[in-house]
Structure formats: structure tokens, C-alpha cells
Amino acid sequence: MGVGIYVWFSLFALVRYGVCESFPSLLTTNASIAIVIDREFLAEEYDQAKAEIDEFLVYAKREILKHGGVNVYFYSWTAINVRKDLTAIFSIASCYDTWKLFKTTEGEDLVHMAISEPDCPRLPPNTAMTIPLITSGEELPQIILDLRESNIYVWKTLVVIYDSTVNRDMITRVIKSITQSRNSNAKATGISLMKLDVSMSRSDLREVMSTINPKVLGNNYLVIASYYLVGIVMEHAKSLNLASTTNQWMYIISNTNRNFQDIQMFESLLKEGDNIAYLYNASFTTNKCVGGRKCHMEELFKSFTRALDLAIQEEFDTASQVSEEEWEAIRPVKSERRDFLLKNMKNPPWQILKFNSSGDVIEYSGLIFDVIFELSRNLNFTFRLEIVNKTDTGSSNSTSYDTNNDLTNKVPKILVDLIKNKTVALGACAVTVTDDMKLMVNFTRPITILTYTFLVSRPKELSRALLFISPFTMDTWLGLATAIVSMGPLLYFIHRHSPVYEYKGIAMKGGLASIQNCIWYMYGALLQQGGMHLPYADSARLLVGAWWLVVLIMATTYCGNLVAFLTFPKIDIPITTLEDLIAHKDTVSWSFREGSYLERELRASNEHRYRTIFEERSRHASTDDDAIIQNIEDGKHVYIDWKMKLQFIMKKQFMKTGRCDFVLGLEEFFDEKLSLVVAPESPYLPKINEEIKKLHQMGLIEKWLKDYLPKRDRCWKNRHLIEVNNHTVNLDDMQGSFFVLFMGFTASLLILLFEKLWNKHFGKHKQKTIQPFVT
């Protein structure tokens with residue numbers, strides 16, 4: 001059962017790591033797997049192995065892989081031509097051929113699942129899964145080889161102490177595992193063997209061990225012995241000053257099993273600074289998988305198809321929420337294909353704890369534990385997790401990320417006391433480095449440095465009711481109206497006083513002979529409608545021609561600007577810096593966590609803007625998370641916190657509403673250093689700091705932190721700006737035009753009414769007047 005769980009999780013991560021690069025999307029293309037069964041390696045068992053694999057794949061496609069498909073290609077030798085459409089390779093071959101096949105396919109970014117012979121270096125675990133076919137009870141050489149390949153130890157010299165529980169063939173294989181390595185550059189150049197007899201007395205054993213000279217034989221010791229002899233060797237090593245921080249001891253207890261309960265007694269022999277590791281058998285088997293080629297094969301294929309099915313489901317869920325163009329932009333890449341199982345959060349991303357119904361921790365992860373796991377691997381120590389202040393953690397499995405937790409500058413007093421008293425070696429929590437805490441505990445090199453910014457409502461689009469007048473300023477519109485009103489009378493004046501009509505005998509009646517017709521003519525020319533009359537005089541024609549040029553320039557400019565305003569809507573003035581926030585203090589409020597590191601820094605700062613932010617903060621802001629979020633969305637409130645935490649809030653809101661309602665400020669301020677805590681004068685602090693420095697240099701801590709942070713979505717690239725998409729003209733854009741039409745219709749009705757009244761009043765008077773008859 002334990003092996004099966006490990007295979008599932010490891011292979012799941014590998015499948016999701018490698019699938020995306022082979023195909024644009026699992027929604028449109030089936031995954032494919034090459035199954036390589038070396039006929040020479042299996043000999044007469046080849047046909048049986050092929051039939052078992054074929055039979056199980058039929059079952060897996062039908063019962064496990066329900067949301068997609070997988071194409072299968074069989075090969076009977078390892079010298080194959082790699083297809084470009086392959087997703088994974090499964091191989092059963094010798095160690096040499098397995099590595100040869102891996103080197104051939106290494107550049108194709110495939111998931112490689114390999115079953116090989118014993119004492120074979122495993123393929124790189126970040127891209128492959130290797131299971132050696134080991135006879136039960138002969139696992140020790142493979143375990144030591146795995147430790148070496150993982151760089152758990154790098155020994156150039158070694159003293160091997162063993163007893164009669166290890167036979168000659170086994171010790172030969174152990175030495176081979178230590179001295180021969182495919183990937184490690186550090187080779188053991190000197191090995192000293194020392195065999196102990198179970199019948200030896202304590203004094204004889206001490207005399208034998210007293211011959212060990214670390215200056216000659218080195219500082220690394222491997223003890224493979226029975227439970228009884230391990231305790232005696234430990235006692236004599238301490239009495240002979242062979243156990244220290246500089247000397248590495250690994251004890252392999254050869255006659256233990258998972259029912260052995262007395263391993264903890266060795267803790268009483270340890271003291272602060274001892275560099276000691278234990279290796280004992282704690283494995284167990286079930287009827288589901290008792291070992292062998294068929295069992296391992298079924299577990300690998302079951303894990304592969306299950307993980308592939310989950311990957312297809314995830315891509316389908318994500319693609320269904322966005323457009324095709326957005327899906328291509330945010331489609332997962334290999335580095336983002338990680339384990340996406342639901343996690344129960346407690347102080348993420350530092351510590352993620354999962355509790356059972358009784359309140360006990362059954363699973364833990366997070367950045368802090370990633371660092372501790374790496375430290376334990378590099379410094380050869382194991383640890384046991386103890387939860388302090390359990391009444392505070394409880395058994396909640398809530399996944400919310402509220403605005404009132406995560407005060408890393410406040411550490412429970414019980415934890416401080418445990419560290420000061422050296423009851424615990426390390427505080428597995430992210431703690432803010434402050435001068436006050438330095439008086440009580442020691443801090444490691446910072447794990448990460450967080451900056452502060454603020455969360456504000458995304459700037460809203462301004463009303464588009466008057467969009468049609470937006471291309472020109474009010475001064476321009478006023479000048480244009482003045483031009484229309486003045487050009488009509490000016491045309492009338494030139495047309496009226498031109499001698500051309502008198503010279504040619506043309507009657508000056510109708511058309512441009514009235515001033516109102518001249519004004520309507522100029523207005524019609526502005527709308528590019530032309531007119532029925534054209535002046536006969538060249539002077540008037542020159543004026544009309546000049547007006548046409550002006551109209552051409554004005555109309556072209558107006559149309560171009562109107563298209564721009566339709567494409568890029570005008571938005572409210574955004575709040576991007578603290579100065580902008582202070583300038584909007586009459587319309588918005590702001591708040592931050594009480595008792596936080598930010599509050600302390602703002603209070604102590606002498607800079608004017610920081611003092612203003614502190615003094616003008618909202619002291620009556622609601623403590624309800626939903627109320628705060630709603631006020632921010634309404635544009636009434638601004639929340640200041642870690643940039644990382646605000647990203648969680650933005651992601652949660654996006655998943656809830658499907659909209660990008662929030663943006664982050666452009667300005668980041670105040671660096672808050674987070675570190676682990678150790679006891680004062682701890683001898684391990686220099687080594688821990690050195691390892692943390694290496695983790696930073698290799699970028700592992702940054703990578704781990706990114707794994708816990710919200711994944712990219714369509715709001716990611718627009719966290720600071722207004723989102724601009726391809727815009728389709730809608731009613732909001734055109735409402736101004738309908739307003740103009742309505743105003744024109746209303747004005748027309750009013751003038752019609754005025755004309756009726758005029759005619760009613762003056763028409764009757766005209767009818768009563770006696771007109772002379774003229775013939």
C-alpha cells in the first residue's frame with residue numbers, strides 16, 4: 001500500500017509535467033505511449049508480459065480513462081525511433097538498455113516509466129519513474145544506491161562496519177553501490193571494512209573501535225548491524241569521541257521490521273550536535289501488490305491513466321471558462337502542471353495542514369515544510385512535527401483566505417518558550433524578523449522577503465452617453481458652432497453685394513438670396529450633404545470652397561477620433577500609488593491589519609505619506625471579509641497588505657464571480673523578512689543558513705513559492721491596468737446618437753407648434769384684410 005501511494009503521487013506530477021508540451025491541448029489530441037519490452041531481457045517471459053500489459057490497458061481505458069483516449073505503440077527492442085507525438089514511454093529492459101533508451105528520448109520531454117534489474121541507478125525522478133525488480137529481503141544495496149544518487153551523502157572516504165547478519169555477497173553489492181554511480185561526480189576513493197562478531201564482548205568491541213583514526217580513515221561511517229550491536233557501537237563511538245558534528249554516522253539496523261517498536265530508545269543516546277541517521281525496515285505489504293513485474297506494471301499504468309484523466313478534466317474545465325484566444329495564452333505549460341489536488345489551508349503558503357475529525361494533523365505541506373524537507377535531506381536528519389496552540393488551529397478544513405490571519409510578527413509564547421528551552425530544534429513557521437524577537441530566539445537566513453501594496457477596485461468605464469461629442473473638446477465645439485453661425489451671414493453678405501448678378505442680369509430671388517438659406521447651406525455642407533444652389537459670383541464660390549476644405553478636415557478628424565473612443569473606452573482616474581490614494585481620501589477609505597508589521601512600520605516612519613496613511617486609516621472598517629471585499633468592489637475602500645496575499649484574494653474573487661474586479665497598486669513598499677526560528681546559540685545555525693543560501697541561489701525557494709501562489713488566469717496580465725478587448729459597438733455606445741435624434745424630434749414638434757400658433761394668430765388677420773385686385 002505504501003509503495004502504491006508513492007507511485008501515484010509521483011507519477012501524477014510527472015504526467016502533468018510532460019503532457020502539455022507534446023500536444024497543443026489534450027482536448028483535441030489523444031495522448032500516446034510507447035511500450036518497449038526488451039525481448040532479450042525477458043526471454044521466454046516476453047509473450048506473457050506483453051499479454052498482461054495489453055489486457056490491463058484495455059481495462060484502464062474502459063474503467064479509468066473516461067474523459068479521453070491514449071494511443072499505444074508496442075516495441076520489442078530498445079533501439080527505437082522516437083515519435084514526435086509521444087507523451088510517455090514504458091520500458092522493461094536491462095539497466096544499460098534502460099539508460100540508453102532514456103538518453104535517446106531525453107530531449108523529447110517524455111514521461112519515462114521503467115522496470116529494470118536490481119542495483120540499477122534510477123532515472124532522474126523529475127522526468128521518470130524507475131522500479132527495479134528486487135527479491136524481497138535484498139533491498140539494501142538498492143537503497144544505498146538510491147541515497148547516493150539522490151546526493152543524500154557524498155562520501156570520498158568511508159568506514160563500513162558490519163556484522164554476520166550481512167553475508168559476503170550482500171556486502172559486495174553494498175560496496176559496489178557506494179563506489180559506482182552513474183550520475184554522481186563524487187566517487188568514494190577509500191573504503192575501510194571492519195567486521196564485528198556477535199559473540200564479541202563489549203570490551204573487545206571497544207578495543208576494535210579504538211583503532212579507528214578519523215584523521216586517517218575519514219569522518220564518514222556506515223554501520224550495518226543487528227539491533228543489539230547498533231546500541232553498543234553507538235555507546236562506544238560516543239565514549240571514543242567519534243560522534244560529533246563533523247563526523248557522519250549512518251546506522252542500518254538489519255534485523256528490524258515494521259512491528260519493531262523499540263527504535264525510539266536510540267533517541268536517549270543522542271545529544272545536541274550529533275550527526276547521526278538511522279535506517280530500518282518499516283515497510284509492509286498487502287494482498288493488492290506483493291511485488292513482481294505484473295504488480296509494478298499494473299500500478300504504473302493505473303497511476304498513468306488516472307493522472308492523464310485528471311489532466312484532461314482540468315484542461316476541459318479551464319478551457320470552458322475562457323475564449324479560444326485566451327485559452328492559448330493561459331494554457332498550462334510543463335512547469336505549471338503540478339499536483340492540483342484540493343488542499344486544506346492553514347496559514348498558506350507557509351504551512352498547509354490537513355486535520356482529521358479528531359483534530360490531529362494527517363498531512364502537512366507548504367513552503368516552510370518544503371524547505372525543512374530539503375534541509376533534512378541535505379543535512380541528514382529526520383524530524384517529528386508537534387503542533388502548538390492546537391485550540392487555535394482546531395480541526396477546520398476551511399480553504400478560505402481571510403483578511404485577518406497570518407500575523408507572522410506574532411509568535412505563540414509557548415513556541416518561543418519551547419525554542420528558548422531547546423525542547424524543539426526548529427520552529428516550522430514563517431516568522432517576521434524583528435529586533436524584539438532577536439532578543440529571545442535566533443533567526444535563520446530569510447526564507448523570503450514580502451512587499452506590501454494595496455488592492456483597489458478596477459477603474460470603471462465612464463458614461464458613454466455623450467460619446468459622440470468626446471472627439472472634440474468644448475472649445476472646439478464652440479468654435480465650430482460659431483463658424484457655422486458666422487459663415488452663413490458672411491456668405492449672404494458676399495452673395496448680396498456681388499455685382500455679377502446685376503452685370504449678367506440675373507434676378508436675385510430665392511436660394512441664397514435669404515440669410516436663413518445661407519446658414520442652412522453652410523450647415524448642410526458641414527454634414528457633407530451639399531445644396532441645391534451654388535453662387536454665381538467667384539467671390540462667393542471661393543468662400544464656399546474654403547468652407548468645404550474646413551469641413552473635410554473636421555469630418556475626417558472627428559471620424560478618426562470617434563473610432564478611437566469606441567475602441568478604447570474612457571475610464572475613471574486609477575489609484576496606482578500612495579499619493580493617488582491620499583489624493584482620493586475624500587471619496588475612499590483604507591485599512592490594514594491591526595497589529596501587523598505594516599502598522600508598526602507606518603507608526604515609526606517619519607515620511608509624510610506614510611504618516612498620512614497611518615493617521616488617516618479607517619479605524620471603523622468592518623472586520624467581516626465579505627463586507628470588506630464588497631466595499632472594495634464598490635470603489636469605496638482600499639485594502640493594504642502583502643502583495644502575495646492580495647493575489648490570493650483576487651484569485652478567490654475571480655473564481656467566485658468570473659470577473660476581474662480588482663487591481664493591485666503599482667507601488668510596492670516595506671520589505672518584510674520571513675525566517676525560521678532556532679534556539680539561541682544553536683550549533684546548527686551556520687549549516688542551516690548555508691543550505692538556505694544554496695536553495696536561494698538555485699532558485700528552489702522561489703519555485704516552491706510560485707507553486708503555492710495562484711496560477712495565471714485572464715486577470716493576470718491585467719492586474720494593474722484596465723482590460724482592453726476587441727470591442728463590439730453596443731447600445732451604450734450609440735445612446736448619445738439617439739439622444740440627439742430625440743432632441744431634434746422634440747425641437748421639431750415645438751417649432752411645429754409655434755408655426756401653428758403663428759398661423760392661427762396672423763392667418764386670420766390676413767384673411768380679414770381686403771387686398772386690391774391687380775390685373
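Biologist: Before we start, what do buried, partly exposed and exposed mean here?
Modeller: Buried means under 20% relative accessible area, exposed means over 50%, and partly exposed is in between. Keep in mind that this is a predicted model.

Biologist: Okay, try that on E668. Which class does E668 fall in?
Modeller: E668 has 40% relative accessibility, so it counts as partly exposed.

Biologist: And which side chain does E668 meet in a salt bridge?
Modeller: That would be K643, at 2.8 Å from N to O. The two come from distant parts of the chain, 25 residues apart. E668 is in the loop between β18 (662-664) and β19 (669-678), while K643 belongs to helix α24 (residues 643-657).

Biologist: How many salt bridges does the structure hold?
Modeller: There are 20. Another one joins the side chains of R603 and E599, at 3.5 Å from N to O.

Biologist: Where do R603 and E599 lie?
Modeller: Both are in helix α21 (residues 597-604), four residues apart, which is about one turn of the helix.

Biologist: Are those two buried or partly exposed?
Modeller: One of each. E599 is buried because its relative accessible area is 7%. R603 comes out at 43%, so it counts as partly exposed.

Biologist: What about K703, which residue does it form a salt bridge with?
Modeller: With D707, and their closest N and O atoms are 3.0 Å apart. Both sit in helix α26 (residues 700-708), four residues apart, or about one turn. K703 is partly exposed at 33% relative accessible area, and D707 is partly exposed too, at 25%.

Biologist: Which residues are linked in a network of salt bridges?
Modeller: E579, E607, R609 and E667 are.

Biologist: Switching to rings. How many aromatic pairs are there?
Modeller: The count is ten. One of them is W99 with F102: the ring centres are 5.8 Å apart and the planes are at 80°, so this pair is edge-to-face.

Biologist: Where do W99 and F102 sit along the chain?
Modeller: They are three residues apart in helix α4 (residues 95-105), so about one helical turn separates them. Both W99 and F102 are buried.

Biologist: Got a stacked one?
Modeller: Yes, Y221 and W249, with 4.3 Å centre to centre and 15° between the planes. That pair links distant parts of the chain, with Y221 in strand β8 and W249 in strand β9 (residues 248-253), 28 residues apart. Y221 and W249 are both buried, and ring pairs link them with Y251 and Y278 into a cluster.

Biologist: Which residue stands opposite Y221 in β8?
Modeller: V159 does. Strand β6 (residues 157-162) has five of its six residues buried. β6 pairs with strand β8 (residues 220-225) in the parallel sense over four bridges. With strand β7 (residues 190-195), β6 pairs in the parallel sense over six bridges, and there Y162 has K195 as its bridge partner.

Biologist: What about charges over rings?
Modeller: The charged end of K50 sits over the ring of F74, 4.4 Å from its centre. R593 lies over the face of W642, 5.0 Å from the ring centre.

Biologist: Last one: which residues form a nonpolar patch on the surface?
Modeller: W520, Y523 and L527, with about 360 Å² of accessible area together. W520 is in helix α18 (residues 515-526), and at 60% relative accessibility it counts as exposed.

Technical notes: Residues are numbered from 1 along each chain as its sequence is written. This is a predicted model: local features need pLDDT of at least 70, side-chain atom pairs count only at pLDDT 80 or more; totals for chains, interfaces and linings use all residues. Side-chain values use heavy atoms; hydrogens and water are left out. Patches are made of residues with over 30% relative accessible area and no salt bridge: like charges are joined within 9 Å, nonpolar side chains (Val, Leu, Ile, Met, Phe, Trp, Tyr) within 5 Å. Accessible areas come from the Shrake-Rupley method with a 1.4 Å probe; for residues, only the protein chains shown count as cover. A salt bridge is a side-chain nitrogen of Lys or Arg within 4 Å of a carboxyl oxygen of Asp or Glu. Buried means under 20% relative accessible area, exposed over 50%, partly exposed in between (1.4 Å probe, protein chains only). Two strands pair if DSSP finds at least two bridges between them. Rings of Phe, Tyr and Trp (its six-membered ring) pair if their centres lie within 6.5 Å; planes under 30 degrees apart count as stacked, over 60 as edge-to-face and the rest as tilted. A charge sits over a ring if NZ of Lys or CZ of Arg is within 6 Å of the ring centre and within 35 degrees of the ring normal.
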